[in-house]
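Could you walk me through this structure, going from one residue outward to the whole chain? I would like to follow the contacts step by step.

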Amino acid sequence: MTLRTRLARRSTFAVVAVGTLALVGTTAYAGANLASHGGAQRLQGDQTKSVKKALDGGKAKNVILLIGDGMGDSEITSARYYEYGAAGRLPGIDALPLTGQYTTYSLTKDGKPDYAPDSAATGSAWATGTKTYDNAVSVDIKGKPQETLLELAKKRGLKTGNVTTSEIQDATPAVQVSHISARSCYGPTKTSTTCPEAALENGGPGSITEQMLKTRPDVTLGGGAATFAETAKAGEYAGRTLAQQADARGYRTVTDAAGLAAVTKADQEQPLLGLFASGNMPVRWVGPAATPTGGAAAPVRCTPNPARPATQPKLADMTKKAIELLDTKGKKGSKGFFLQVEGASIDKQDHAANACGQIGEAIDLDEAVQQALAFAKKDGNTTVLVTADHAHTSQIVEGGSTTPGITANLLTKDGSPLTISYGTAPAGGSQQHTGSQLRVAGYGPQAANVVGLTDQTDLFFTISRALGLDRR
């Protein structure tokens with residue numbers, strides 16, 4: 001049986017059981033008569049031909065992987081309802097033609113399943129194809145480093161990029177560029193005490209930041225500038241700050257949107273390092289705090305975050321610029337690129353039970369997906385994949401004063417109340433990850449491999465096949 005035949009057979013399951021409905025268009029909600037017969041349907045006739053047209057079992061020249069940290073189905077749904085209404089669509093995420101679900105469990109150090117994983121273990125799963133324990137960054141449960149997609153892409157001569165709204169040392173960006181026993185070992189100071197096996201003074205590969213500088217993606221964008229003030233304790237750059245080391249290694253560093261816009265080239269001769277915040281980048285929206293009685297409050301709209309500077313690039317801006325710098329189509333020796341993009345603070349705002357912060361970051365990611373899809377459709381040889389690392393706590397619930405947990409009440413585009421509840425920690429505590437399977441969606445060569453139920457590690461092999469990085 002040929003690959004195309006197998007994928008065509010899988011497409012039937014996609015329509016019946018998974019729902020590849022985004023092929024019918026991405027028109028935003030425009031006041032449809034939801035109460036009329038058929039007024040809420042999303043399908044426009046039989047989708048069989050559209051799904052078949054989306055199947056492509058060939059190779060891709062480029063892959064763009066977009067991650068919504070903590071973006072479970074509830075987070076996607078609340079963002080869609082709030083911004084586009086009940087009958088609306090997220091014009092990026094919901095436009096991907098092939099969809100499925102994948103499992104995300106991590107492992108304990110003795111190899112047993114851990115059903116509510118963290119971002120380090122889950123990111124390591126798709127970055128390396130190997131399950132590991134919570135807090136571990138691209139090492140297996142025995143601590144052995146596992147080669148990452150970004151490292152493999154570099155080895156094959158592809159250009160590489162790593163974009164996030166978190167600190168660039170945080171778990172999701174870290175899994176592509178480093179190998180370490182604990183995700184908290186951002187710089188030399190923490191590494192010496194928490195990850196001594198990795199410390200340079202002990203003969204290890206160094207902290208996450210030091211490893212990132214050595215791994216040398218062509219483009220790295222996000223927050224995390226504070227760690228670059230730390231000083232290397234050993235090695236060639238001992239006694240110099242990590243910022244000085246980046247400069248000595250030939251990196252070009254930019255710190256605001258204007259600086260990013262001015263960059264016209266990024267490669268191994270002069271990689272680009274964008275550091276747009278000392279820590280995590282400020283979020284898009286703010287709104288009412290979730291409280292035990294928040295579900296009974298009058299619903300309100302979210303407002304722009306006054307702490308988000310106008311000089312800070314948006315995730316869509318960073319994504320577009322990264323693609324521009326990595327795209328070498330038509331240039332001599334061009335082999336394509338691999339780019340990972342993370343909307344990091346969906347998770348962080350979910351932890352904080354901040355509904356507006358969480359929704360705004362999901363909308364930010366959707367805008368980045370739109371940039372990736374626009375490029376892919378124009379390019380004709382690019383795969384776009386969108387998913388998350390783990391599920392999170394927020395749920396859409398009935399409003400009122402007796403709703404369990406803590407709640408916030410928002411006013412959607414429909415003019416209806418949207419009550420979001422957080423129930424995995426008491427008020428003031430950090431809400432917890434959950435263990436649900438997650439949506440994974442794709443467009444382009446090999447994207448049909450996301451259809452059905454897969455595991456997070458399958459994504460590593462799907463991307464490897466698409467780019468010809470197969471190591472087995």
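**A histidine in a loop, and what surrounds it**

Let us begin with H390, which sits in the loop that runs between β12 (382-388) and β13 (395-397). Please keep in mind that we are looking at a predicted model. Is H390 buried or exposed? Its relative accessibility is 0%, so H390 counts as buried.

Which residues does H390 touch, once those up to four places away in sequence are set aside? The list includes D69, G70, M71 and G72, then P117, D118, S119 and T122, and also D347, H433 and L438. Two of these neighbours deserve a second look. The side chain of D69 makes a polar contact with the side chain of H390 at 3.3 Å. A polar contact of 3.3 Å also joins the side chain of H390 to that of H433.

D118, which H390 touches, leads us on to the charged residues. In general, side chains of opposite charge can pair when their charged atoms come close. Here D118 belongs to a network of salt bridges together with D170, R183 and K348. Within that network, the side chains of D170 and R183 meet in a salt bridge, with N to O at 3.3 Å. This pair links distant parts of the chain, 13 residues apart: D170 is in the loop between β5 (159-167) and α6 (171-177), while R183 is in the loop between α6 and α7 (188-194). How do the two partners compare in their exposure? D170 has a relative accessible area of 6% and is therefore buried, whereas R183, at 21% relative accessibility, counts as partly exposed.

The count of salt bridges comes to 13. Another one to look at joins the side chains of D94 and R439, again with 3.3 Å from N to O. Why does this pair tie together parts that are 345 residues apart in sequence? The reason is where the partners lie: D94 is in the loop between α3 (73-84) and β2 (98-103), and R439 is in strand β16 (residues 438-443). Both D94 and R439 are buried. You can also find a salt bridge between K265 and D267, whose closest N and O atoms are 3.5 Å apart. D267 has a relative accessible area of 18%, so D267 is buried.

Now turn to a helix, α11, which covers residues 315-326. Helix α11 has 12 residues and reaches 16 Å from its first C-alpha to its last, close to the 16 Å expected at 1.5 Å a residue. The helix is mostly covered, with 9 of its 12 residues buried. Those buried residues are L315, A316, M318, T319, K321, A322, I323, L325 and L326. An α-helix has 3.6 residues a turn, so residues three or four places apart point the same way.

Finally, let us step back to the whole chain. There are 14 helices and 17 strands in the protein chain. Its radius of gyration is 22 Å, close to the 23 Å that the globule rule gives for 472 residues, so the chain is as compact as a globular protein of that length. Along the principal axes, the C-alpha atoms fill a box of roughly 70 × 55 × 50 Å. Of the 472 residues, 57% count as buried. Among contacts between residues at least 6 apart in sequence, 73% join residues at least 24 apart. The accessible surface of the chain comes to about 18300 Å², and 52% of that belongs to carbon and sulfur atoms.

Note on methods: Residues numbered from 1 in each chain as written. Predicted model: local features only at pLDDT ≥ 70, side-chain atom pairs only at ≥ 80, totals over all residues. Heavy atoms only, no water. Helix = DSSP H or I, 4+ residues; strand = E, 2+ residues; numbered from the N terminus. Expected span 1.5 Å × (residues − 1). Buried < 20%, exposed > 50% of the residue type's maximum accessible area, 1.4 Å probe, protein only. Polar contact = N/O pair within 3.5 Å; in protein donor to acceptor, adjacent residues only side chain to side chain. Contact = heavy atoms within 4.5 Å. Rg over C-alpha atoms; globule rule 2.2 N^0.38 Å. Areas by Shrake-Rupley, 256 points an atom, 1.4 Å probe, with all protein chains shown as cover. Salt bridge = Lys/Arg side-chain N within 4 Å of Asp/Glu carboxyl O.
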